[in-house]
Amino acid sequence: MNTNQLSERLAMVASFVPKNTVLADIGSDHAYLPCYLMNKGKIRKAIAGEVVTGPFEAATRNVELNGFADRIEVRLANGLQAIEGADNVETVTIAGMGGTLITSILETGKDRLTNVQRIILQPNLHAIAIRKWAVANGFCIVDEEILLEDSKIYEVLVLERGSADYSKTDLLVGPVLRRKQSNVFRAKWEREMLEWQRVINALEHAEQTEEIKRKRANLQENMEIVRKVLAHEEK
Ligand code: SAM
């Protein structure tokens with residue numbers, strides 16, 4: 001990966017960035033994404049936010065090497081604290097972290113999202129946490145994609161302002177992804193079901209405390225939701 005050639009995962013994130021936007025890429029590491037988008041002439045200006053010194057320095061180096069220091073500002077900051085009101089950021093990207101961490105970054109810094117129209121998120125796990133956050137915070141999911149790269153499956157979620165009333169099924173597997181039902185989507189949930197069944201079997205041999213019973217019931221409920229989705233029985 002470099003500033004001219006992104007991984008398929010980051011290229012998918014980049015494909016959802018609107019033309020001519022002002023971008024904030026949070027957790028930017030080498031600033032690959034903003035540099036790539038600037039190279040392609042796709043964005044006007046960007047903030048690359050990083051909370052760890054090493055990746056912050058790598059991002060600063062890449063921005064300077066590409067001659068973008070006047071258009072991409074690298075900031076050492078925690079989450080959305082990298083964004084200031086005067087930046088007029090319109091699009092936020094957060095990629096390559098767990099869904100729970102992404103959700104906590106959004107929740108902690110939501111006062112920085114005032115001018116933001118689109119948020120593009122690529123959680124490595126637990127996309128459900130992001131979907132729940134979106135509903136609770138006046139965002140809806142306008143698109144979703146799923147892809148396989150190096151035997152790992154990644155989801156990309158695109159949020160815009162709006163209200164939505166998602167079912168348990170939508171929240172778990174994605175309102176857009178379940179309609180598209182790609183092969184990668186089916187493979188992800190078939191894998192997940194095998195893993196859940198393995199855990200359910202193990203829990204059956206454990207002491208049946210209330211917590212164990214609750215865990216089993218939750219997994220069985222999720223198994224039934226996903227089984228119906230894959231069998232096209234869910235509306
Ligand atoms: N976004 C890049 C990508 O998708 O390839 C880098 C992903 S890397 C696995 C996650 C990066 O997020 C790390 O550089 C880490 O330091 C940074 N990070 C984690 N928590 C953060 C936070 N609260 N604020 C800003 N950056 C954060």
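This text leads through two places in the structure, the surroundings of the ligand and the largest pocket. The model is a predicted one, and every value below was computed from its atoms.

We begin with the ligand, which has 16 residues around it, and among these Arg-9, Gly-27, Glu-50, Asn-78 and Gly-79 come nearest. Two of the names in that list return when we look at single atoms: a backbone N or O atom of Gly-27 lies 2.8 Å from a nitrogen atom of the ligand, while for Asn-78 it is an N or O atom of the side chain that lies 2.8 Å from a ligand nitrogen. Val-51 also takes part through its backbone, with a polar atom there 3.5 Å from a nitrogen atom of the ligand. Taken alone, the ligand would expose 600 Å², and the protein buries 79% of that area.

Which elements give two or more residues to the shell around the ligand? They are helix 1 (8-15), strand 4 (91-97) and helix 4 (99-108), and strand 4 gives the most, with three residues. Sorted by class, the shell is made up of nine nonpolar, four polar and three charged residues.

We now turn to empty space, which can be found by rolling a probe the size of a water molecule over the atoms. The largest pocket has a volume of about 460 Å³. It is lined by 17 residues, of which Leu-125, His-126, Lys-188, Trp-189 and Glu-192 are the closest to its centre. Helix 5 (127-136), strand 7 (152-161) and helix 8 (183-204) are the elements that each give two or more residues to this lining, and helix 8 gives the most, with five.

The lining of the largest pocket also brings two parts of the chain together, in that domain 1 (8-165) and domain 2 (183-230) each supply at least three of its residues. By class, the lining of this pocket holds eight nonpolar, three polar and six charged residues.

Conventions: Residues are numbered from 1 along each chain as its sequence is written. This is a predicted model: local features need pLDDT of at least 70, side-chain atom pairs count only at pLDDT 80 or more; totals for chains, interfaces and linings use all residues. Side-chain values use heavy atoms; hydrogens and water are left out. On a 1 Å grid over the protein atoms alone, a cavity is a set of points where a 1.4 Å probe fits but cannot get out, and a pocket is an open set with protein on both sides within 12 Å along at least five of seven lines; lining residues have an atom within 4 Å of a point. Grid points are joined across faces, edges and corners, and a volume is the space filled by probe spheres set on the points. Helices (H or I, at least four residues) and strands (E, at least two) are DSSP runs, numbered from the N terminus. Ala, Val, Leu, Ile, Met, Phe, Trp, Tyr, Cys and Pro count as nonpolar, Asp, Glu, Lys and Arg as charged, and the others, Gly among them, as polar. Domain bounds come from an automatic or database domain assignment. A residue is near a molecule or strand if one of its heavy atoms lies within 4 Å of it. A polar contact is a pair of N or O atoms within 3.5 Å; within protein, one must be able to donate a hydrogen and the other to accept it, and residues adjacent in sequence count only if both atoms are side-chain atoms. Accessible areas come from the Shrake-Rupley method with a 1.4 Å probe; for residues, only the protein chains shown count as cover.
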